[in-house]
Amino acid sequence: MTDDSLDDDIRAEFRAESQEHLLQLEASLLDLERRPSDLGTINQAFRSAHSLKGAAGFLGRADIERLTHAAEDLLDLLRQGAAQIDAPATGALLAATDRCAAMLDAEPLPEDDPGLLALRGALLDHHARLSSPAPKPGQGWVEIFTAPLPSAARAPRPAGEPATEELFRWAVSGPEPAAELHPNDVAQAIPAEAVRPPALGLVDEAASAELRRPPPGALAQGRRERSLQQLVEALGPTAAPPAPSPPPAAKPPTEPKPEPVPAQAHADPTIRVDVSLLDDIMNIVGELVVARNRLMRALGQGPQETQKAARRLDQLTSELQARATKTRMRPVSAAWAGVPRTVRDLCSDTGKQVRLIMLGQETELDRSLLEALKDPLQHIIRNSIDHGIERPEDRVAVGKPPTGTLSLAARHSGGVVLIEVTDDGKGIDPAAILESAVRKGLLSEAEARGLSASEALELVFLPGFSTATAVTRLSGRGVGMDVVRTQLRQVGGAVDLQSVKGAGTTLRLRLPLTLAIVPALVVEANGRTFCVPQANLVEIVDTVRLEPSRLQRVGGAAVLRLRDQLLPLVHLGGALGLGPPGGPAVGAEGGAPCGTIVVCEADGGRLGLIVDALQDTEEIVVKPLSPELKQQGIWAGATVRGDGSVTLILDIAGLGTRARALGAPAPTAAVQRAAPVDPMLRVAVAGVGQVLIPLHPVLRCDDLQDITLHTQGALLLVTYDGDLVPVRPLTDELRAVVIFERGGARFALGVTEVLDVFAEPTRLTPGLGPAWAKASGLVRGSPAALVDLDTIAAELSR
Amino acid sequence: MSHSLVLTRIGDAHIAFALSEVREVLLDVLTTPVPLSPSVISGLVNLRGEVLTAVDGPTLLGLPSRPPPGGPAHLVLRVEGQGRSLVVDEVLAVMSGVDHPLRPPPPTLSPRLREVCAGVLLIGDQLAILINGGPLVKLILHAAAAPAEPRRAEAGEQE
């Protein structure tokens, strides 16, 4: 691509034209949802895709061309009447449409770009699925063994003995979804005098085909009996070939298949096993892990041969554990299966237009968590569409496209499953939240004024909270986020929320990969041992090696300067009431430190746990606690260690919340109930007095002598991490700089002196003070102003 | 009607439980205290790999405690699937075929006991209070949720 202006013109025109095609395609697809067989709409969609492909090819955008080609093929299939479009296919086409729209404005993607491959793959899959002669979803199935019968089993059975094994291998398809037949059901249903028909030889081959399971919950008892009936009839003593009696959509066994190869593209040999059996296996594996731990401890000092045997046992146990865990894993798409329908129903009910994107559906998690995920997810999606995404006309009025986007993205990250639900709706207004909270009596006006934007958003998780001015049928009385958080906490998960008013909201759900066995760090505090799950672990800091200047202790809250972040510290023993808070680790004003700091992360926040010593990292079997202990919120469970003792597992998120409340010197009841006190950086600004800066977004503070300031016209800049960061001087007596992050970008404040970290509740009057201040008042008897970082960021962005 | 019972003593009171609601009796167990837990929770107990919550019977029921020199006993309950054990002073007997009629609780019973009491039985010359598992669990949850002061710090203590 040259920089020729002619190319620019062509490119601009191509873009405009393609955008039109994309809009048209999207409209057609949405239309097709309601009227799937409207040939006119299908043709229009096809033409749009075709034009897009052509334009992309003409301009050498191979990435767009490949994607639209796949879409075109799928639409072609529909156009020929060979298949009818359904919800999943529409979803894939819409996703591809979205992607093309994004790609128009971006640099060309390489051929092996994973996102592109995934989208294209999905379209190809749908094509294969819809074009295959096998019965479609909606016509139910029984999942069956797909491995062919070993020849020994083909020996004729004595009459009267039901041929149960062969029955398994038989495909039943019908106009009604078939029940998931259990082997015993089938055996009982066969009349005793049934004779195995000779045609069963063909049945095996038919049985080798992979058939899909009906969506869970789509089955009713009546249908189940009917399928059994079909099965019985078909395999009755008449010895008629089984296949023709169900609707001919099944593989006609009269067609000799060349080899018993599954017809579908992806056919794993599968087997149906009682879930309780898997649970038992998992329990036993758990006990095996405990026994292995004990043995390893005992044999650690033994003779060479014993140690070798022990290592082998260790290895085998780990492998078995991994496999056993895997048997319980299912892709998260199982929990997302109902989402497209929910979204479409909500859209038709609310008159909103929503594009749904689902990424990472193949991400796997423990099957028990799938159940736990469904409810919270439904709730979150309802909220997004009901309260988040605006009506099309409202969106257009603020310059957004009329169709909102709701995306679900799942991925693995360090022992947890992360699911992000993002909408580009109107976001959550912290001010509205505060107003509602005050109105509901959850906190007083004064307290509300003292909260930062992120603290305000946290209020959404309080029980009984709602900002919906109208109680809608869909979301009911409350936003219900407290229920969501509780439900997720119960399975060891967590949720946090980020929102930008006017732009949208993101909810981040974290779920453990496996409930049962997790790696954990065992720590000692005040003579007791506790476990810190590795999923929460960030790093370990040995205080002995630290310069004392990096540890500060002010106003009840100790802080560690860790690289470029200021990390609040919590003495574990103190927080648990086991000994004096503050403990020996940090002396008055940074005296000689001892102990170890375990840096943890949970619910989007970090804290450093001061412990006396580390023991080791172990794979522990997590045992749940009874509700009265769970509700304390600081324990994630308990485990039985190698020596038979019971050790508690910390819930880092809960501990963080509790410790913050305890850290403030005189926490008022309302503060504890409403929100924790976030630590702030206290600086001196000549001509103003004290200035408070929220600590969390602060990246670094530096004295002028350690940094270089540049001027660019009227702008003042400082170098940080290879970037030039704009500085907003709060005073002429500029001797220090505080760098912070806002909305993904970095800014800096010029101040006179950095004083300390401050974590007390304050009573500041909003709107008072300098233009850049959110609130002002007296702090420790002297005037202080709280910086509004958003104002500064906006100023510096212009 | 015939009952099978486990008869226990807390302080001077005789407390009976239906045999069907008791899994087993543990003597001489190690209880791991839980920091910041309500005083009604003694701690955690390891029963062959299962972690049980030990609930302090005397505290829960508002009765004085007089354990024998060997220490208290744990009654592992079979209620609502959750592993819990109730700490009592002493297990007196396991009795079957107790034919005595179940009488309504006397009005002098404390409110807490009345919440969980299914009735009283005359065994020998002493009245035994029959307690049902279901109401007992409710009482446990209630007592644990009440915003009482957390138990005193027992640093380094593992009995």
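**Salt bridges, burial and the A–B interface in a predicted model**

In this predicted model, A:Glu390, A:Arg395, A:Lys400 and A:Asp424 are linked in a network of salt bridges.

Q: How many salt bridges does a search of the whole structure find?
A: The search finds 29 salt bridges over all chains.

Q: Why is the pair A:Asp63 and A:Arg61 called a salt bridge?
A: The closest N and O atoms of A:Asp63 and A:Arg61 are 3.0 Å apart. The criterion asks for a side-chain nitrogen of Lys or Arg within 4 Å of a carboxyl oxygen of Asp or Glu, so the pair qualifies.

Q: Are A:Asp63 and A:Arg61 buried or exposed, and what makes them so?
A: A:Asp63 has a relative accessible area of 3%, and A:Arg61 has a relative accessibility of 7%. Buried means under 20%, and therefore both residues count as buried.

Q: What makes A:Asp429 and A:Lys501 a link between parts of chain A?
A: A:Asp429 forms a salt bridge with A:Lys501, with the closest N and O atoms 3.5 Å apart. A:Asp429 lies in the loop between strand 5 (416-423) and helix 16 (430-439) of chain A, and A:Lys501 in the loop between strand 6 (494-500) and strand 7 (504-512) of chain A, so the pair ties together parts that are 72 residues apart in sequence.

Q: Why is A:Lys501 called exposed, and what is A:Asp429 called?
A: A:Lys501 has 57% relative accessibility, and the term exposed requires over 50%, so A:Lys501 is exposed. A:Asp429, at 25%, falls between the 20% and 50% limits and therefore counts as partly exposed.

Q: How do you know that B:Asp89 and B:Arg9 form a salt bridge, and where do they lie?
A: Their side chains meet at 3.6 Å, N to O, and the limit is 4 Å. B:Asp89 is in the loop between strand 8 (84-88) and strand 9 (90-98) of chain B, whereas B:Arg9 is in strand 1 (residues 3-10), 80 residues apart. B:Asp89 has a relative accessible area of 2% and B:Arg9 has 10% relative accessibility; both values are under 20%, so both residues are buried.

Q: Which salt bridge is found between chain B and chain A?
A: The count between the two chains is 1. The side chains of B:Arg84 and A:Glu628 meet at 2.7 Å, N to O, and the limit is 4 Å.

Q: What is the area buried between chain B and chain A?
A: The area is about 2,100 Å², of which carbon and sulfur atoms give 62%. In chain B, B:Pro35, B:Leu36 and B:Val51 lose the most area to chain A, together 28% of what that side buries. The contact takes 25 residues from chain B and 24 residues from chain A.

Q: Why is B:Leu36 called buried and B:Asp28 exposed?
A: B:Leu36 has 15% relative accessibility, under the 20% limit, so B:Leu36 is buried. B:Asp28 has a relative accessible area of 72%, over the 50% limit, and is therefore exposed. Phi of B:Leu36 is near 65 degrees and phi of B:Asp28 is near 60 degrees, each a positive value in a residue other than glycine.

Q: Which residues have the most contacts inside the largest nonpolar core?
A: The core has 63 residues, and those with the most contacts inside it are A:Phe530, A:Leu572, A:Leu609, B:Leu60, B:Leu61 and B:Leu136. Helix 3 of chain B gives the most to this core, with 6 residues.

Methods:
Residues numbered from 1 in each chain as written. Chains lettered and ligands numbered in written order. Predicted model: local features only at pLDDT ≥ 70, side-chain atom pairs only at ≥ 80, totals over all residues. Heavy atoms only, no water. Contact = heavy atoms within 4.5 Å. Buried area = accessible area lost by both parts, 1.4 Å probe. Buried < 20%, exposed > 50% of the residue type's maximum accessible area, 1.4 Å probe, protein only. Core = buried A, V, L, I, M, F, W, Y, C linked by side-chain atoms within 4.5 Å. Helix = DSSP H or I, 4+ residues; strand = E, 2+ residues; numbered from the N terminus.
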